[in-house]
Amino acid sequence: MIPVMIVEDEFLVRLGLKSLIDWNAYGFQIVADASDGQSALRLYQQYKPYLILTDIRMEPMDGLALMEEIRRQDPDVKFIIISAYSDFAYAQKAISFGVELYLSKSTLKNEELVQVLPRIRAAYEATHEKITGKDTRDIPEFETAFPDASDLSGIEKQLRNIQLSGNSLAVIACRFPKKDASHHTAALLQTVFQNQMDAMGTPCKLYRKQQFLLCVCGTSRQDALVPLLSGIHTTLLNYTSRHCYFGVSAVFQDLRHLFHGVSEACLACNELIIHPQNYIHLFTPSCIQIDFGEANLDIEMEKLMTSVFSSHWEESLDILKQIMGSCKNYRSLEKAVFTVLFSFIEYDNSSMLSSLLERHLRTDELRETIDSLLEWIYALPFHTMTTDNSSKYIDTVVGYIKAHPEENLSIQFLADLVHLSPNYLGKIFYQKTGSLLNSYITNYRINKACDLLLHTDYPVNTVGAMVGIGNPHYFSRVFRDTVGMSPSKYRAGDGNKRKEGEER
């Protein structure tokens, strides 16, 4: 599928462009959409779309500036302009950037868009098909090709079939970061790898094993593979803007060491999670050690538990940074995360330790691992078991709601305010107040609106905006559902009558 991005500041127009045609039927896939040029530029770095549909007049970065910057990075990217403005100067400048089509929003027809897609697809296939044309399903699973480590004759036969029998061998393991892994990136990795090995004349065979692409290849020295892997990395970086990690096993001749070589390569590949700038790692005995540097894990865990039970969120964050940042390899990172989870698992009655470990190690980013651990810890119910700080949290949240009813009071925002998870905040708020947090916010806003309607001359729409409900129709509906009458009727006098009746 050819990746597409839509850049348009009007939500309904963005939605319309997505549904205007069946993109998949023409071999295109919308991978991102943005409301301004700056956001689009960030998404471009992440998704690398080949076709971009963009408006021109947007703030803070307009479509022309976006095109100019992306063209500087990749002159092959295709653009279609969809604008409400027919200003010739805009069109002339857009044409100078080589846009494929300039369409007017007022007269836009899907036929016009469909007509240009085959030409864009042909251009994409001419430059990209040689890179992304293969399918990862063509690569056999390592366990399928070598089902029995003790079957030396079977291993010998497999290696003879791929012209690797009798050679000194090494295993290369490589992968993209976990959150970037996809069928598209896997196919790209496979094709680039095979092309580079063929160009170097290096005998090899590719296999799949979990998130890794494995390459069993003939070589007499580990370090002889470094220039080859550097070239593969550079090619992949040009196409994806993402680093790829490589691990190389020790060189071996004994066929019994093939499975050891696979393990060594995968271990070496994972070393790079801690230091991603070193994207090629050769297996050494240090790869199997658990190394925390100068940090003492037991002492740091005592500090962490003390800070958590005292509800010192910032201190807990600093200690977790110290623990995770001291890990020198992936095995030490696994041990650190396991130890943190094991220390608090007794307070989690709904999760298995193995599933928690997998969840918190789903990314290669240390900061994301730290944040997910801290969120999990502070959502646990030991707060009410050790010290009751919930009243302090509720007072802070209620005080903020009353002082800022006009703001976007999402549960996520309020939870971040008191350093709790949204689920935990909702739980203790209900326990302390007997009201759901969203219901409390709505009721407070409507009560505030009632006061403004009775004691000010502000228009009804303005009153709604002042209490954080900017949509006039939605404000009227929520007010009617809560109070039993429309805002206008309440202001006209029925509100005072009701209030007097309630006071009596």
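Buried means under 20% relative accessible area, exposed over 50%, and partly exposed in between. The exercises below use a predicted model.

**Exercise 1. Locate lysine 427 and classify its accessibility.**

Step 1. Lysine 427 lies in helix α19.
Step 2. The relative accessible area of lysine 427 is 41%.
Step 3. With under 20% as buried and over 50% as exposed, lysine 427 is therefore partly exposed.
Step 4. For a distance, take leucine 437, which is 10 residues from lysine 427 along the chain; their C-alpha atoms are separated by 9.0 Å.

**Exercise 2. Describe the protein chain as a whole.**

Step 1. The protein chain has 23 helices and 10 strands.
Step 2. It has 504 residues, and 45% of them count as buried.
Step 3. The accessible surface of the protein chain is about 25,200 Å², with 49% belonging to carbon and sulfur atoms.
Step 4. Take the contacts between residues at least 6 apart in sequence: 68% of these join residues at least 24 apart.

**Exercise 3. Find the residue that UniProt annotates as "modified residue: 4-aspartylphosphate", and decide whether it is buried or exposed.**

Step 1. The unreviewed UniProt entry places this feature at Asp55.
Step 2. Asp55 sits in the loop between β3 (51–54) and α3 (63–73).
Step 3. The relative accessibility of Asp55 is 2%, so the residue counts as buried.
Step 4. Proline 60 is also in the loop between β3 and α3. A cis peptide bond joins glutamate 59 to proline 60, with omega about 5°.

**Exercise 4. Work out how helices α20 and α22 pack, and which residues make the contact.**

Step 1. Helix α20 covers residues 437–455 and helix α22 covers residues 472–483.
Step 2. The two helices pack at an angle of about 95°, and their axes are 10 Å apart.
Step 3. Angles of 65 to 115 degrees count as roughly perpendicular, so α20 is roughly perpendicular to α22.
Step 4. From α20, the contact is made by Thr442, Asn443, Ile446, Ala449, Cys450 and Leu453; from α22, by Phe475, Val478, Phe479, Thr482 and Val483.
Step 5. Sorted by class, the contact of α20 with α22 has eight nonpolar residues, three polar and no charged ones.

**Exercise 5. Place glutamate 143 and name the residues it touches, leaving out those up to four places away in sequence.**

Step 1. Glutamate 143 belongs to helix α6 (residues 142–145).
Step 2. Its relative accessible area is 39%, so glutamate 143 is partly exposed.
Step 3. With the stated exclusion, glutamate 143 touches Arg208 and Lys209.
Step 4. Glutamate 143 and arginine 208 are 65 residues apart in sequence, and their C-alpha to C-alpha distance is 8.6 Å.

**Exercise 6. Glutamine 210 and histidine 419 have positive phi values; give the loop and the accessibility of each.**

Step 1. For glutamine 210, phi is near 55°, a positive value in a residue other than glycine.
Step 2. Glutamine 210 is in the loop between β7 (204–209) and β8 (212–218).
Step 3. With a relative accessible area of 69%, glutamine 210 is exposed.
Step 4. For histidine 419, phi is near 60°, a positive value in a residue other than glycine.
Step 5. Histidine 419 is in the loop between α18 (411–417) and α19 (422–433).
Step 6. At 31% relative accessibility, histidine 419 counts as partly exposed.

Key:
Residues numbered from 1 in each chain as written. Predicted model: local features only at pLDDT ≥ 70, side-chain atom pairs only at ≥ 80, totals over all residues. Heavy atoms only, no water. Axes fitted to C-alpha atoms, helices over the stretch in contact; angles between N-to-C directions. Helix = DSSP H or I, 4+ residues; strand = E, 2+ residues; numbered from the N terminus. Parallel < 35°, antiparallel > 145°, perpendicular 65-115°, else oblique. Contact = heavy atoms within 4.5 Å. Nonpolar A, V, L, I, M, F, W, Y, C, P; charged D, E, K, R; others polar. Buried < 20%, exposed > 50% of the residue type's maximum accessible area, 1.4 Å probe, protein only. Areas by Shrake-Rupley, 256 points an atom, 1.4 Å probe, with all protein chains shown as cover. UniProt positions renumbered as here; feature names shortened; annotations may be inferred.
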